[in-house]
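Work through the exercises below with the sequence and the model side by side. Each task is followed by a stepwise solution.

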Amino acid sequence: MIRYDDDSLALHTDLYEINMAYTYWKKGNADKKAVFEVYYRENPFGMGYTIFAGLERIVDYINNLTFTDSDLEYLKNEIGFEEEFLEYLRHWKFRGTIRSMHEGEIAFAEEPLMQVEGPILDCQIIETALLNVINYQTLIATKASKVKTAAEGDTVMEFGARRAQEMDASLWGARAAYIGGVESTSNTRASKVFGIPASGTHAHSLVQAYRDEYKAFKAYGETHKDCVFLVDTYDSINSGVPNAIRVANELGDKINFVGVRLDSGDLSYQSKRVREQLDEAGYPEAKIFASNDLDATTIQSLKMQGAKIDVWGVGTKLITAYDQPALGAVYKIVSVEGNDEEMYPTLKLTANLSKISTPGKKQIWRIRSNNDTKPEGDLVTLEHERPDLEDELFMFHPQYTYINKTVTDFIARPLLKEVFVDGKQVLDLPSLEEIKQYTKERLSEQYEEHRRILNPEQYPVDLSKELYDIKVDTINYYREKPIDAGMNEG
Ligand SMILES: Nc1ncnc2c1ncn2[C@@H]1O[C@H](COP(=O)(O)OP(=O)(O)OP(=O)(O)O)[C@@H](O)[C@H]1O
Ligand SMILES: O=P(O)(O)OC[C@H]1O[C@H](OP(=O)(O)OP(=O)(O)O)[C@H](O)[C@@H]1O
Ligand SMILES: O=C(O)c1cccnc1
């Protein structure tokens with residue numbers, strides 16, 4: 001690999017973004033105003049919600065976004081852009097406004113998680129990086145929430161470093177999983193960088209290296225205060241647990257016998273036997289840890305079987321989002337400046353009706369009754385609408401409009417907040433602990449029906465009447481008349 005001293009993330013983008021940027025610039029359209037929004041179409045893992053994650057990394061990316069000498073040299077020599085464009089990029093900084101949900105917010109399909117407004121060239125250049133970050137981190141935070149829900153409040157440790165899709169995924173995945181609900185990570189770099197509690201036991205290799213389970217546990221106990229012994233290398237019940245108990249007895253107060261870990265076989269059956277063994281030996285406080293290809297479904301099943309497992313170590317299935325490796329969030333232009341300098345709603349027509357985007361610059365409002373903390377649904381409006389100042393709201397399903405309700409005595413909370421205004425960061429970001437707490441509180445406010453991990457009820461995400469009308473008008477307009485977005489034709 002060639003290393004560049006001035007490597008940057010500016011080229012962490014699909015070539016087509018820069019190709020479009022060049023067209024806008026060359027034709028004198030680089031500063032035309034546009035609004036883009038990030039949203040996804042379907043909640044992943046059969047769940048009823050997602051946990052929005054990735055904002056902190058995006059803020060860092062935007063704040064450090066410049067094309068360096070080696071970036072420009074690459075664009076010149078390998079892609080062949082003209083010198084004048086490269087000079088423009090040399091002095092370019094992101095000039096737009098970004099509005100976003102709070103990191104850790106409970107989010108739903110078909111509503112904007114983030115909105116980017118500004119010169120179209122700027123909006124275009126950042127598309128790939130934004131989607132790359134949000135798609136992965138939101139997916140992992142959501143998967144962690146599913147695993148944590150299955151564990152019914154038990155401690156969950158994130159064990160995925162060895163199985164993640166490379167180092168960045170392990171690092172940022174650990175952070176996302178922490179937001180989503182796990183208590184710790186085995187990845188010490190993630191612990192160091194983000195302040196996530198680190199946790200770890202030991203592997204079979206320690207036992208195999210000593211070629212004697214008792215000696216291995218003894219050596220580990222003599223070199224560590226907190227001890228979790230991995231008992232399944234040979235035979236958990238007949239060898240592993242008796243050896244762990246023997247070492248705990250011998251070392252007494254010199255160690256804190258936290259418990260034992262099971263990593264193979266029938267985890268339900270074994271955990272029940274091991275619980276009896278530990279209790280009989282006078283260690284009722286010692287905990288049983290379990291790992292081995294665990295996922296939300298296996299945890300749920302083990303719970304149903306009455307397994308005596310206290311702590312769950314989850315690696316592969318969590319960090320790789322094994323059952324659904326992509327969230328499918330998209331970045332769509334929803335409004336663009338016309339020749340008269342007015343902003344016009346825009347959308348992409350498609351035969352697949354569910355893929356027709358909703359035009360217009362939006363705000364989302366979480367609606368809850370004045371005397372209950374539980375949200376009744378989200379209302380997506382045009383930016384200027386103020387449902388929070390209304391006495392009554394008419395909410396209806398955007399496709400099945402006969403499903404509707406009138407809401408009174410409600411509180412409407414706007415979800416998109418300004419993070420950057422004209423290229424300057426205006427929002428102080430919360431700490432990771434605050435984000436985690438925020439997620440926990442917001443999730444606990446959701447109705448159980450929307451939170452459950454099997455066949456949840458669909459949470460209502462409705463469009464305001466004005467937004468609905470604009471969508472229908474825009475669809476009809478583009479069907480009849482090809483677009484004139486007011487771009488210079490050069
Ligand atoms: N009681 C149980 N009910 C449902 N699933 C279980 C139960 N006990 C273990 N499992 C799961 O069954 C799967 C067993 O996988 P596998 O056959 O690879 O493990 P193993 O042979 O016991 O161990 P090893 O990892 O050493 O091969 C794992 O996903 C594990 O979490
Ligand atoms: O199963 P996961 O959820 O990914 O959790 C991490 C796994 O990593 C370790 O196993 P190891 O790398 O030694 O491999 P193995 O147990 O699969 O043989 C550990 O013992 C867990 O089984
Ligand atoms: O600490 C552990 O027990 C651990 C860490 C990573 C993967 N598997 C287990």
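**Exercise 1. Locate the bridge partner of M157 in β7, then place it in its sheet**.

Solution. This is a predicted model.
Step 1. In β7, M157 has S184 as its bridge partner.
Step 2. Strand β6 (residues 155-158) and β7 run parallel and are joined by two bridges.
Step 3. Now widen the view. The strand order is β7-β6-β11-β10-β9-β8, an open sheet of six strands with parallel pairing.
Step 4. Read off the edges. They are β7 (184-185) and β8 (226-230), and each pairs on one side only.
Step 5. Add the helix. α11 (residues 236-251) packs on this sheet and touches β8 and β9 (256-262). The direction of α11 makes about 170° with that of β9.

**Exercise 2. Determine which residues surround ligand 3, and sort them by class**.

Solution.
Step 1. List the shell: F159, S186, G200, T201, R261, S291, G313 and G315 surround ligand 3.
Step 2. Sort by class. The count is one nonpolar, six polar and one charged.

**Exercise 3. Find which residues come nearest to ligand 2, and which elements feed its shell**.

Solution.
Step 1. The shell holds 14 residues, of which F159, D263, S291, G315 and T316 come nearest.
Step 2. Two or more residues each come from β11 (311-314) and α14 (316-319).
Step 3. By class, the shell around ligand 2 splits into four nonpolar, five polar and five charged residues.
Step 4. Cross-check with Exercise 2. F159, S291 and G315 are listed around ligand 3, and they also appear among the residues that come nearest to ligand 2.

**Exercise 4. Describe the shell around ligand 1: which helix gives the most?**

Solution.
Step 1. Start with the stretch S264, G265, D266, L267 and S268, which is part of the shell.
Step 2. Add N292, D293 and L294, then T298, S301, L302 and Q305.
Step 3. Assign elements. α12 (267-280) and α13 (296-304) each supply at least two of these residues.
Step 4. α13 gives the most, with three residues.
Step 5. Classify. Three residues are nonpolar, seven polar and two charged.

**Exercise 5. Explain why β15 counts as largely enclosed, and trace its partners**.

Solution.
Step 1. Apply the burial cut-off: 20 or more other C-beta atoms within 10 Å of a residue's own.
Step 2. Six of the eight residues of β15 (residues 375-382) are buried, so the strand is largely enclosed by the rest of the structure.
Step 3. Take the first partner strand. β14 (residues 362-369) runs antiparallel to β15, with seven bridges between them. A hairpin of five residues connects the two. W365 stands opposite L379 in β15.
Step 4. Take the other partner strand. β21 (residues 461-463) pairs with β15 in the parallel sense over three bridges. Here L379 stands opposite D462.
Step 5. Combine. L379 faces W365 in one pairing and D462 in the other.

**Exercise 6. Assemble the sheet around β15: which strands stand at its edges?**

Solution.
Step 1. Recall the pairing rule. Strands of a sheet pair through backbone hydrogen bonds, either parallel or antiparallel.
Step 2. Order the four strands: β18-β14-β15-β21, an open sheet with mixed pairing.
Step 3. β18 (410-414) and β21 are the edge strands. Each has a single partner strand, so one side of each is left without a neighbour in the sheet.
Step 4. Neighbouring strands here are turned by 30° against each other on average, direction ignored.
Step 5. Check the β18 side. β14 and β18 pair in the antiparallel sense over five bridges. R366 stands opposite R413 in β18.
Step 6. Place the helix. α17 (residues 465-480) lies across β14, β15 and β21, at about 50° to β15.

**Exercise 7. Summarise the whole chain, then the annotated N-terminal domain**.

Solution.
Step 1. Count elements: 17 helices and 21 strands.
Step 2. Box the C-alpha atoms along the principal axes. The box is roughly 85 × 60 × 40 Å.
Step 3. Of the 490 residues, 43% are buried.
Step 4. Take contacts between residues at least 6 apart in sequence. Of these, 72% join residues at least 24 apart.
Step 5. Turn to the record. An unreviewed UniProt entry annotates residues 11-135 as "domain: Nicotinate phosphoribosyltransferase N-terminal".
Step 6. Over residues 11-135 the chain is 44% helix and 17% strand. The end C-alpha atoms of this stretch are 19 Å apart.

Note on methods:
Residues numbered from 1 in each chain as written. Chains lettered and ligands numbered in written order. Predicted model: local features only at pLDDT ≥ 70, side-chain atom pairs only at ≥ 80, totals over all residues. Near = placed C-beta within 6 Å. Nonpolar A, V, L, I, M, F, W, Y, C, P; charged D, E, K, R; others polar. Buried ≥ 20, exposed ≤ 12 C-beta atoms within 10 Å, placed from the backbone. Contact = placed C-beta atoms within 7 Å. Pairing = 2+ DSSP bridges. Axes fitted to C-alpha atoms, helices over the stretch in contact; angles between N-to-C directions. UniProt positions renumbered as here; feature names shortened; annotations may be inferred.
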